[in-house]
Amino acid sequence: MTKRINIGGVPIGGGSKIAVQSMTNTDTKDVEATVRQTEALVKNGCDLVRISIYDMDCIEPLKEIISRCSVPIIGDIHFDYKIAVSAIEAGIHKIRINPGNIGGKEKVREVSRAAKNAGIPIRVGANSGSVPLDLLNTYGGVNEKSMVEAALRNVRILEESGFDDICISVKCSDVPTMVKSYELISSKCEYPLHLGVTEAGTLENSVIKSSVGVGSLLLRGIGDTVRISVTGSPEREPVIAKRILKACGLIDEGVNVVSCPTCARTGIDVQRIAEMIEREFSDVKDNITIAVMGCVVNGPGEAKSADIGIAGGKGSFVIFKNGQVYKTCKNGNGTGEFMDEIRKMLDEERKQIK
């Protein structure tokens with residue numbers, strides 16, 4: 001089990017639930033835009049949000065952003081230790097730095113001293129584009145050995161400064177290398193690990209790479225916090241992260257839509273109904289499985305574990321609950337009836353909880 005750290009009240013590691021992160025792409029100096037995007041990320045499932053603090057003029061806006069946002073804010077800082085120290089003084093909840101580019105060991109000591117006094121963690125690590133040349137030469141390029149040694153070199157700089165409130169990442173855009181790097185570093189230290197496939201690309205590529213890379217590690221108990229990287233708007237990132245966590249059995253909240261791939265027997269528009277359900281109930285926290293099956297031949301049987309489902313037929317369809325036929329309806333207004341039944345089920349569950 002990894003060591004537990006605390007980021008503005010959100011525990012990371014030590015058996016805590018996996019925390020979901022994302023990063024804004026607004027200009028940090030634009031307070032309104034940054035707060036608005038941060039809260040959109042929170043609505044979509046973020047526990048933590050990282051923002052880029054790229055010069056000293058970001059510090060004053062940062063103070064207002066921190067005061068107005070509902071989740072802990074992480075500062076992403078490079079090259080200038082003074083920016084890191086100023087961000088800590090402004091109330092940031094965690095900083096992400098690369099000790100190798102922040103200005104030398106003495107500057108790292110100043111940053112770690114400020115973080116220790118403020119009681120906030122530091123994330124360090126390596127990615128495939130930041131491995132030092134000497135390690136590339138020693139280990140024959142970018143691979144799990146050079147990545148992990150680069151990360152541990154940064155960890156040692158902090159440890160030598162008397163700081164151990166640390167989170168580590170070893171991100172790579174190549175999924176096999178990323179997986180091997182996290183496997184290796186998890187065997188070498190007990191610091192919590194921040195998972196991600198860096199530069200994963202556009203939405204479809206990111207979903208595939210992140211599901212394989214992040215998902216495979218989570219299934220083996222490796223990882224304490226995740227960020228899914230998507231080129232463009234970050235607002236899809238926490239949604240994907242939550243679905244990966246649910247698919248891995250690590251969270252039991254949110255709607256799980258089970259739908260068949262369709263065939264010649266298909267009697268309803270499976271794709272349209274499944275997508276409608278995903279949109280309609282995307283912010284529902286209840287743990288509920290909804291099945292959309294194209295035919296009545298295998299529908300109930302294939303979705304026995306579903307709480308509620310629909311299966312198509314010739315001119316009619318059936319709604320089933322807990323694997324049993326509940327109602328037979330005529331095609332036409334059937335989708336509306338099905339949606340109503342889902343809402344009723346959710347209302348009943350909430351009444352029972354109360």
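A residue counts as buried when its relative accessible area is under 20%. Keep that cut-off in mind as you look around this model, which is a predicted one. Take Cys329: its relative accessible area is 5%, so it is buried. Cys69, at 11%, is under the cut-off too, so this cysteine is also buried.

While we're on cysteines, let's ask about sulfur bridges. How many disulfides does the structure hold? The count is zero. Cys69 is in no disulfide, and the nearest cysteine sulfur, which belongs to Cys46, sits 11 Å away. Cys329 has no such bond either, with the sulfur of Cys295 as its nearest cysteine sulfur at 17 Å. A disulfide needs two cysteine sulfur atoms within 2.5 Å, so neither cysteine makes one.

Now head for the greasy inside. The largest nonpolar core is built from 76 residues, and Ile53, Ile92, Ile95 and Ile185 have the most contacts inside it. Which helix gives the most to this core? That would be helix H6, residues 144-160, with eight residues. Zoom in on Ile53 and, leaving out residues up to four places away in sequence, you'll find it touching Cys58, Ile59, Leu62, Gly75, Asp76, Ile77, Ile83, Ala87 and Ile92. There is also a second, separate core of 29 residues. Cys329 turns up again here, as this second core includes it along with Ile273, Ile288 and Ile310.

Next, find two buried residues that touch each other. Thr225 belongs to strand S10, which covers residues 225-227, while His194 is part of strand S9, residues 194-195. Are they buried or exposed? Thr225 has a relative accessible area of 0%, so it is buried, and His194 also has 0%, so it gets that label as well. Setting aside residues up to four places away in sequence, the residues that Thr225 touches include His194, Ile12, Leu48 and Cys167. Look from the other side and His194 is in contact with Thr225, Val226 and Arg227, among others such as Arg123 and Tyr182. Gln21 is on both contact lists. With Thr225, the side chain of Gln21 makes a polar contact, side chain to side chain, at 2.9 Å.

Time to come up to the outside. Asn117 lies in helix H4, residues 105-118, and its relative accessibility is 68%, so it counts as exposed. Try picking out Glu89 as well: this residue is 28 places from Asn117 along the chain, and their C-alpha atoms are 9.9 Å apart.

The loops have a little twist for you. Most residues other than glycine have a negative phi. Phe79, though, has a positive phi, near 75°. You'll find Phe79 in the loop between strand S5 (73-76) and helix H3 (81-90), and with 64% relative accessibility it counts as exposed. Thr262 also has a positive phi, about 75°, although it is not a glycine. Its loop runs between strand S11 (255-259) and helix H10 (270-280). At 42% relative accessible area, Thr262 is partly exposed.

Finally, check the aromatic rings. The number of aromatic pairs comes to zero. Tyr326 does have a charged partner over its ring, however: Lys321 lies over its face, at 4.2 Å from the ring centre.

Conventions. Residues are numbered from 1 along each chain as its sequence is written. This is a predicted model: local features need pLDDT of at least 70, side-chain atom pairs count only at pLDDT 80 or more; totals for chains, interfaces and linings use all residues. Side-chain values use heavy atoms; hydrogens and water are left out. Helices (H or I, at least four residues) and strands (E, at least two) are DSSP runs, numbered from the N terminus. Buried means under 20% relative accessible area, exposed over 50%, partly exposed in between (1.4 Å probe, protein chains only). A polar contact is a pair of N or O atoms within 3.5 Å; within protein, one must be able to donate a hydrogen and the other to accept it, and residues adjacent in sequence count only if both atoms are side-chain atoms. Contact means heavy atoms within 4.5 Å. Rings of Phe, Tyr and Trp (its six-membered ring) pair if their centres lie within 6.5 Å; planes under 30 degrees apart count as stacked, over 60 as edge-to-face and the rest as tilted. A charge sits over a ring if NZ of Lys or CZ of Arg is within 6 Å of the ring centre and within 35 degrees of the ring normal. A nonpolar core is a set of buried Ala, Val, Leu, Ile, Met, Phe, Trp, Tyr and Cys residues joined through side-chain atoms within 4.5 Å.
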